[in-house]
Amino acid sequence: MTLILNRQDVMSVLTMKDCINAVEKAFRELAQGSADLPLRTNIKPPDGLSLYMPAYLKESKALACKVVTVYKNNPSKYNLPVVIGKVLLQDPETGDVICIMDGGYLTAVRTGAASGVATKYLARDEDGMVAGIFGTGVQARMQLLAVAEVRNLSKAIVYDVVSESATAFIDGLKDIVDFEIVKASKPDDVLDADIVCTATSSANPVFDGEKVKNGTHINGIGSHTPNMRELDTEIIKRSKFIGDSKEGCFSEAGDIMIPLNEGLIEESHFFAELGEVLTGTKPGREDNDEITLFKSNGLAIQDVATAKLIYDKAIEAGIGIDIEI
């Protein structure tokens, strides 16, 4: 039998706190060599793009593949989203697909969870810290919720080029979080924060790196192609740069690829993968004045760890539909 979990099923069992723990364990497994993470496979049908992202976590006994498609004509032709994602979770002992689940909410939460793990190990740890968020979409929301899980926040500052979107973002969270959220009138206002998250679709830097104060931790989430960057060369140069994957950063992340190609940094500026920090192979934050930066590209180990978590919790709660395939 195969368990089918729709978006509501996934939302009903997946919490940010649990996801942070699962994702942290996955990064540890990757660093310790107990994870298989093949290259992502892309197929380009005439009207879209199909991505296949498998991984296997040996210690967690989690084997899965996320399938994501991007079809720009879906809304107009078929009343479907541009991006659709599903995860196929397998039994690693038999290979059978034991669960098929919606991947949209899963992806949003696991992306936030990675920033939560990075913040836990790289940000200063003080009472009453301030978070700054660039962007007001789903990813921005998850960034703030993840940071709030691992640090005591007194306030969040949010900026979006569309002011109304920032207002709606604040309205949607004011009854969920126990700290004040304020709207920034300009990007510089966000740089008053101790922890800054960029979660936009901008192709160009969203703030001036010279204006970032010492001791700040930054989570860079939004840019994901060699030609896009939310972070300028100055903040890259000033930061201790940690990525989820070195290979991913030097093949997908314009934030570091652009200054590297311009000869403004060396490849050695990439300090560590996140898993190396978690396992103590490389140091995280070393003093309160250091600027730390985590660049997230998204790894299949995050999807697999989260899918296994969701499946286990769904079985415990008795939700979903079993079908014979």
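**Strand pairing, S2 to S5**

I take two strands as paired when DSSP finds at least two bridges between them. I note at the outset that I am reading a predicted model.

With that rule in hand I looked up S2 and strand S4 (residues 49-57), and found that they run antiparallel and are joined by 2 bridges. Within this region I noted that aspartate 36 stands opposite tyrosine 56 in S4.

I then turned to S3, which pairs with S4 in the antiparallel sense over 3 bridges, and where asparagine 42 stands opposite leucine 51 in S4. The connection from S3 to S4 is a hairpin, made through 5 residues.

For the other partner of S4 that I looked up, strand S5 (residues 62-70), I recorded 9 bridges in an antiparallel arrangement, with leucine 49 opposite valine 70 in S5. S4 and S5 also form a hairpin, this one with 4 residues between the strands, and I noted that lysine 61 in the turn has a positive phi of about 55°.

**A nonpolar patch**

Valine 70 came up again when I went over the surface, where Val70, Val82 and Val83 make a nonpolar patch of about 190 Å². I placed valine 83 in strand S6, which covers residues 83-90.

**Strand S8 and its neighbour**

I next asked myself how many residues of S8 are buried. The answer is 6 of its 6 residues, and I therefore entered the strand as mostly covered, taking buried to mean under 20% relative accessible area.

In a regular strand the side chains alternate between the two faces of the sheet. In S8 I found Met129, Ala131 and Ile133 pointing one way and Val130, Gly132 and Phe134 the other way, and all of them are buried.

S8 pairs with strand S9 (residues 153-159) in the parallel sense, over 6 bridges, and I noted valine 130 of S8 opposite lysine 155 in S9.

Moving along from S8, I looked up threonine 136, which is in the loop between strand S8 (129-134) and helix H5 (138-150). Threonine 136 counts as buried at 17% relative accessibility, and its side chain makes a polar contact of 2.8 Å with the side chain of aspartate 160.

**Helix H4**

Helix H4 (residues 104-122) has 19 residues, and I checked its reach from the first C-alpha to the last, which is 28 Å and close to the 27 Å expected at 1.5 Å a residue. I also looked at its cover: 16 of the 19 residues of H4 are buried, so the helix is largely enclosed by the rest of the structure.

**Salt bridges**

My search of the whole structure gave 21 salt bridges, and I followed a few of them individually.

Where does the bridge between glutamate 252 and arginine 40 sit in the chain? The side chains meet at 3.1 Å, N to O. Glutamate 252 lies in helix H9 (residues 246-252), while arginine 40 is in the loop between strand S2 (35-36) and strand S3 (41-43), so the pair ties together parts that are 212 residues apart in sequence. As for cover, I entered glutamate 252 as buried, with a relative accessible area of 18%, and arginine 40 as partly exposed, at 41%.

The second pair I looked up was lysine 211 and aspartate 188, whose side chains meet at 2.9 Å, N to O. I placed lysine 211 in the loop between strand S11 (195-198) and strand S12 (217-220) and aspartate 188 in helix H7 (residues 187-190), 23 residues apart, and I noted that the pair links distant parts of the chain. Lysine 211 is partly exposed at 46% relative accessibility, and aspartate 188 is likewise partly exposed, with a relative accessible area of 29%.

Helix H9 returned with a further bridge, between lysine 246 and glutamate 267, for which the closest N and O atoms are 3.9 Å apart; I kept this pair in the list because the cut-off for a salt bridge is 4 Å. Lysine 246 is in helix H9 and glutamate 267 in the loop between helix H10 (254-261) and strand S14 (270-273), so this bridge ties together parts that are 21 residues apart in sequence. I recorded lysine 246 as partly exposed at 34% relative accessibility, and glutamate 267 as partly exposed at 44%.

Finally, I looked for residues linked through several bridges, and entered Arg124, Glu126, Asp194 and Lys213 as a network of salt bridges.

How values were computed:
Residues are numbered from 1 along each chain as its sequence is written. This is a predicted model: local features need pLDDT of at least 70, side-chain atom pairs count only at pLDDT 80 or more; totals for chains, interfaces and linings use all residues. Side-chain values use heavy atoms; hydrogens and water are left out. Patches are made of residues with over 30% relative accessible area and no salt bridge: like charges are joined within 9 Å, nonpolar side chains (Val, Leu, Ile, Met, Phe, Trp, Tyr) within 5 Å. Accessible areas come from the Shrake-Rupley method with a 1.4 Å probe; for residues, only the protein chains shown count as cover. Buried means under 20% relative accessible area, exposed over 50%, partly exposed in between (1.4 Å probe, protein chains only). The expected span of a helix is 1.5 Å times one less than its number of residues. A polar contact is a pair of N or O atoms within 3.5 Å; within protein, one must be able to donate a hydrogen and the other to accept it, and residues adjacent in sequence count only if both atoms are side-chain atoms.
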